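User: Hey, got a minute to walk me through this one? I'd like plain answers, nothing fancy.

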There are 2 protein chains.
Amino acid sequence: MRRIACFLGAFVALGGEVVYTAASGQANERAASELGVKLPPGYRDWKLISVAHEAGKNNDLRAILGNDVALKSYREGKLPFPDGAVIARLAWSYTSSEENNKVFGQDQSFVAGPPINVQFMVKDSAKYAATGGWGFAQFKDGKPDDKALLSTCFPCHVPAKARDYLFTQYAP
Amino acid sequence: MRRIACFLGAFVALGGEVVYTAASGQANERAASELGVKLPPGYRDWKLISVAHEAGKNNDLRAILGNDVALKSYREGKLPFPDGAVIARLAWSYTSSEENNKVFGQDQSFVAGPPINVQFMVKDSAKYAATGGWGFAQFKDGKPDDKALLSTCFPCHVPAKARDYLFTQYAP
């Protein structure tokens, strides 16, 4: 299931150096991990690209955010994304809301429960030339996943090559 | 089903004057409606509070965004929200993604399809004193829904009185 875990991306330093990290629920933190990873400052404040629900083993609700470089490209429909674009995918447990269901009068409401993990894709066409210009990473509780897991990210994103390897489309 | 349509709010001028409008898919637009409604400038750029999925007749994926005043209160856990706080609820059609399902190898992926509507809750404790200090509104394709519909918003939000009438909780 590694391909599934990685879907919608994040970046890892394929050359050995990892630049960013992300701690679920700890926006604006810049904690160094055992890999020397640092959090993109303020990623939790980035603008919304879209939302999604993955059922199955993922069983999550997710928001895809982007930094200003990424948002500009999305809104202008310009491809490929320029260097500096970073996409964040935040996932939370897909949680039935009893409180909301009472209001609706039926079981229909699912909300974001505890955070699952955070993924990033960062565009650096030189550094990540071997993976379409994108580096990938996934973090859980502030700790980055290992490189073996992340090495599966790019192959999984190849079907979206026509959109510069990004599955997510901007939600107006 | 009016209560369901209104759930998660928006604001309407209960005193007759409506201040804001919202055009789905037209962020930053400031179009005047037949009710004199204007779009909150840049609401599509507001920060993310949480995400949700409403099944049933709603059948949507939604993002709840907030202006800086609202986000500050959410993150600090301070209640009630101060005047000036505005919450936006954007909803899109709950759409199965064939492209994503191929990658996952099973039908599990649901993404944001066409926009459905946008709702707002705006805090003005004097102006909207009769409805917990919140005004509500709902807009579709840039046009505000009528007051008869919106008059049902506040009664629907009363069960969340302990959280200043907001069902949505911040997703870390």
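User: Okay, through what surface do the copies meet?

Analyst: Bear in mind that this is a predicted model. The copies meet through the same surface, because 100% of the interface residues of chain A are also interface residues in chain B.

User: What rotation superposes chain A on chain B?

Analyst: A rotation of 180°, with 0.0 Å of shift along its axis, and the RMSD is 0.0 Å. The two copies are thus related as by a two-fold rotation axis.

User: Which C-alpha in chain A is nearest the axis?

Analyst: That would be the C-alpha of A:K47, 3.1 Å from the axis.

User: How many residues does the contact take from each chain?

Analyst: The contact takes 36 residues from chain A and 36 residues from chain B. On the side of chain A that touches chain B, strand 1, strand 2, helix 3 (98-104) and strand 4 (109-123) each supply at least two residues.

User: And which element gives the most there?

Analyst: Strand 1 of chain A, with seven residues. As for chemistry, the residues on the side of chain A that touches chain B divide into 21 nonpolar, 10 polar and five charged.

User: What joins strand 4 of chain A to strand 1 of chain B?

Analyst: Three bridges do, and the two strands run antiparallel. To give you one pair to look at, A:F110 in chain A has B:H53 in strand 1 of chain B as its bridge partner.

User: Switching topic to helix 2 of chain A. Which residues are buried there?

Analyst: In helix 2 (residues 68-76) of chain A, the buried ones are A:A70, A:L71, A:S73 and A:Y74. They sit on the same side of helix 2 of chain A, because they cover an arc of only 165° around the axis.

User: Why would residues three or four places apart point the same way?

Analyst: An α-helix has 3.6 residues a turn, so residues with that spacing, three or four places apart, point the same way.

User: Makes sense. What do the buried residues of helix 2 of chain A pack against?

Analyst: They pack against three strands of chain A: strand 1 (47-54), strand 2 (60-66) and strand 3 (86-96).

User: And what follows helix 2 of chain A?

Analyst: A:G77 does, and its phi is positive, near 70°.

User: What about the peptide bond from A:L79 to A:P80, cis or trans?

Analyst: It's cis, with omega near -5°. A:P80 lies in the loop between helix 2 and strand 3 of chain A. Over in chain B, the peptide bond from B:L79 to B:P80 is cis as well, with omega near -5°. B:P80 has its place in the loop between helix 2 (68-76) and strand 3 (86-96) of chain B.

User: Last thing, A:D164 and A:Y165. What's the phi of A:D164?

Analyst: Near 60°, which is a positive value in a residue other than glycine. A:Y165 isn't a glycine either, and has a positive phi of about 70°.

User: Where do they lie?

Analyst: A:D164 lies in the segment after helix 5 (153-157) of chain A. A:Y165 is found in the segment after helix 5 of chain A too.

User: And is A:Y165 buried or exposed?

Analyst: Buried: 24 other C-beta atoms lie within 10 Å of A:Y165, and the cut-off for buried is 20 or more. A:D164 has 18 C-beta neighbours inside 10 Å, so that residue counts as partly exposed.

Note on methods: Residues are numbered from 1 along each chain as its sequence is written. Chains are lettered from A and ligands numbered from 1 in the order in which they are written. This is a predicted model: local features need pLDDT of at least 70, side-chain atom pairs count only at pLDDT 80 or more; totals for chains, interfaces and linings use all residues. A residue is buried if 20 or more other C-beta atoms lie within 10 Å of its own, exposed if 12 or fewer, and partly exposed in between; C-beta atoms are placed from the backbone. Helices (H or I, at least four residues) and strands (E, at least two) are DSSP runs, numbered from the N terminus. The arc is that of the directions from the helix axis to the C-beta atoms. Two residues are in contact if their C-beta atoms, placed from the backbone, lie within 7 Å. Copies are superposed by least squares on the C-alpha atoms of residues with pLDDT of at least 70 in both. Ala, Val, Leu, Ile, Met, Phe, Trp, Tyr, Cys and Pro count as nonpolar, Asp, Glu, Lys and Arg as charged, and the others, Gly among them, as polar. Two strands pair if DSSP finds at least two bridges between them.
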